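Below is a short note for a reader who has not seen this structure before. The points may be read in order.

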Amino acid sequence: MTLNELLVEWSYRTEKGYPDMGNPSDILILGKILNELNLPTDILNTLGEDNITNNEDETQISSHSKEDLIKLIQNANLTNPQVQKLFKNISGFAYKDSILNFVNSKGFTSDKFKTGDIAIETIFNSISDSNIDEFIRYIKKPRTLSSLDLSGNFVSQLGLSSNLVRDLINIEPGADAGGSSVGKAEVFLGLMFSDVDNNVSKGDLNWGGKNLEVKGTGGRLGQQAGRGNDNKETIENAAKQLLDGEILEEYLGYLSTIKYSMVFSIKRLYELASENGKITNNIEKIIQSALDRAFYDKGVASTYFNSPADFTDPDKIKKNLIKVNSRSYAIKTDVNTFLFLNSSNGDYVIIDMAELDNAIDTVKFDTSVRGVTGYKWYDIAPNMVVRK
């Protein structure tokens, strides 16, 4: 357990939600945690010496007034970084209740996360460690996501500091109650826009009644390779329906050579089957069936793969694969809108399903691997990124 994890666990167990070194109950909680971790507890005796006096009938706790704190700060020779750190810590205490109430009101409650209150504490700590005053000012009069351009940069669109936007985008409170990872920017979007919240049963967020799916840098429209989406046999079986003999063996060897690239395997299979006299309609149906099987069996492939160029032009095949992948995933997850985001700089693009095809044709988002080799039959959901 790291020091940060220890502090989060200690905070989680305290009554106030944060540890108080002058509270004997909080010191006892820390001692219990250290014992559970088989760590020394000698330091606790020193921590408690000046603060706790035990009598037969009661425990007396020394206390300090605000005036004592002000005097201490005035008399201390603090550097500017120390002043800033102290200010953040005090601001965190001052704003904690109001921030937690706000976070809960946006649907980010402990029951929504696998780690419960620890996830909420993670969200609060991330806000507290950032520009907390700027955050408090902003949420008093937040923007709506609907008022933003469909593509742009969150820093410039919101007029906030890049540090605050970056810190909030990078909040990752862990898995939700169902075990799915809560990705980057989900908490940011849910907190920073008045028409977005976490009160949703499908998709990542609720955006004015629509299911919004958020994909940060490298996000996938499906599971990553090695998690049950290996479709090498799917293309091999399609080939066995269209080819035979030496031509089939040559093609199966070709698949290994191109590392099961979906673009080149589709192009080569279509050309070989055509050269060997197979009926065009049958070729198309078999390849469409293979694509539908790979992409969640939603029957989308025939919408995009239905002319010779769709099967032979590498660039067109690549774009069609993104369209089949995106639309099939949206049907599977009941998503109305995608938001793709560059988690590093805040660039984003919002894509409604009605605009999906045009967004792909104009390369608003793309596979992280440039060119046409991003899709593999053993990795049908490659990493996606925003393109400007």
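Which residue of β9 is the bridge partner of Phe338? Phe338 has Ile351 as its bridge partner in β9. The points below start from that pair and work outward; they concern a predicted model.

1. The hairpin. Strands β8 and β9, the latter covering residues 347-352, pair in the antiparallel sense over five bridges. Together β8 and β9 form a hairpin, with five residues between the two strands. In the turn, Gly346 has a positive phi of about 90°.

2. The loop residue Ser343. Ser343 belongs to the loop between β8 and β9. Although it sits in a loop, Ser343 is buried, with a relative accessible area of 7%. Leaving aside its neighbours within four places in sequence, Ser343 is in contact with Ile169, Asn170, Lys184, Gly216 and Thr217.

3. Burial of β8. Is strand β8 enclosed or open? Five of the five residues of β8 (residues 337-341) are buried, so the strand is largely enclosed by the rest of the structure. In a regular strand, side chains alternate between the two faces of the sheet. Here both faces are covered: Thr337, Leu339 and Leu341 are buried on one side, and Phe338 and Phe340 are buried on the other.

4. The other partner of β8. Strand β6 (residues 210-215) pairs with β8 in the parallel sense, over four bridges. Within this pairing, Lys215 stands opposite Phe340 of β8. Strand β8 therefore has a parallel pairing with β6 and an antiparallel pairing with β9, and the sheet that holds these strands is mixed in its pairing.

5. The six-stranded sheet. The order of strands in this open sheet is β3-β9-β8-β6-β5-β4. The edges are taken by β3 (151-153) and β4 (196-197); each has a single partner strand, so one side of each is left without a neighbour in the sheet. At the β4 edge, β4 pairs with β5 (residues 205-207) in the antiparallel sense over two bridges. Asp197 has Asn206 of β5 as its bridge partner.

6. The three-stranded sheet. A further open sheet has the order β7-β11-β10, with antiparallel pairing. Its edge strands are β7 (219-220) and β10 (365-367), each with a single partner strand, so one side of each is left without a neighbour in the sheet. Three bridges join β10 to β11 (residues 383-386). Among the bridge partners, Phe365 is matched with Val386 of β11, and Asp366 with Val385 of β11. Two bridges join β7 to β11, where Arg220 has Asn383 as its partner.

7. A helix on that sheet. Helix α17 (residues 314-333) packs on the three-stranded sheet and touches β10 and β11. The direction of α17 makes about 105° with that of β10.

8. A helix pair. How are α11 and α13 oriented to each other? Helix α11 (residues 232-242) and helix α13 (residues 262-275) pack at an angle of about 10°, with their axes 10 Å apart. An angle under 35 degrees counts as roughly parallel, and α11 and α13 are therefore roughly parallel to each other. The contact involves Ile235, Ala238, Ala239 and Leu242 of α11, together with Ser265, Leu269 and Ala273 of α13. Of the residues in this contact, six are nonpolar, one is polar and none is charged.

9. Helix α14. At 1.5 Å a residue, the 15 residues of α14 (residues 280-294) should span 21 Å, and the end C-alpha atoms are 21 Å apart, which agrees. Its buried residues are Ile283, Glu284, Ile286, Ile287, Gln288, Ala290, Leu291, Asp292 and Ala294. These buried residues pack against α11, α13, α15 (301-304), α16 (308-312) and α17. After α14 comes Tyr296, with a positive phi near 65°.

10. Helix α6. This helix (residues 117-129) has 13 residues and reaches 18 Å from its first C-alpha to its last, close to the 18 Å expected at 1.5 Å a residue. Which residues of α6 are buried? They are Ala119, Ile120, Glu121, Ile123, Phe124, Ile127 and Ser128.

Notes:
Residues are numbered from 1 along each chain as its sequence is written. This is a predicted model: local features need pLDDT of at least 70, side-chain atom pairs count only at pLDDT 80 or more; totals for chains, interfaces and linings use all residues. Side-chain values use heavy atoms; hydrogens and water are left out. Axes are lines fitted to C-alpha atoms, for helices over the stretch in contact, and angles run from 0 to 180 degrees between N-to-C directions. Angles under 35 degrees count as roughly parallel, over 145 as roughly antiparallel, 65 to 115 as roughly perpendicular and the rest as oblique. Contact means heavy atoms within 4.5 Å. Ala, Val, Leu, Ile, Met, Phe, Trp, Tyr, Cys and Pro count as nonpolar, Asp, Glu, Lys and Arg as charged, and the others, Gly among them, as polar. The expected span of a helix is 1.5 Å times one less than its number of residues. Buried means under 20% relative accessible area, exposed over 50%, partly exposed in between (1.4 Å probe, protein chains only). Two strands pair if DSSP finds at least two bridges between them.
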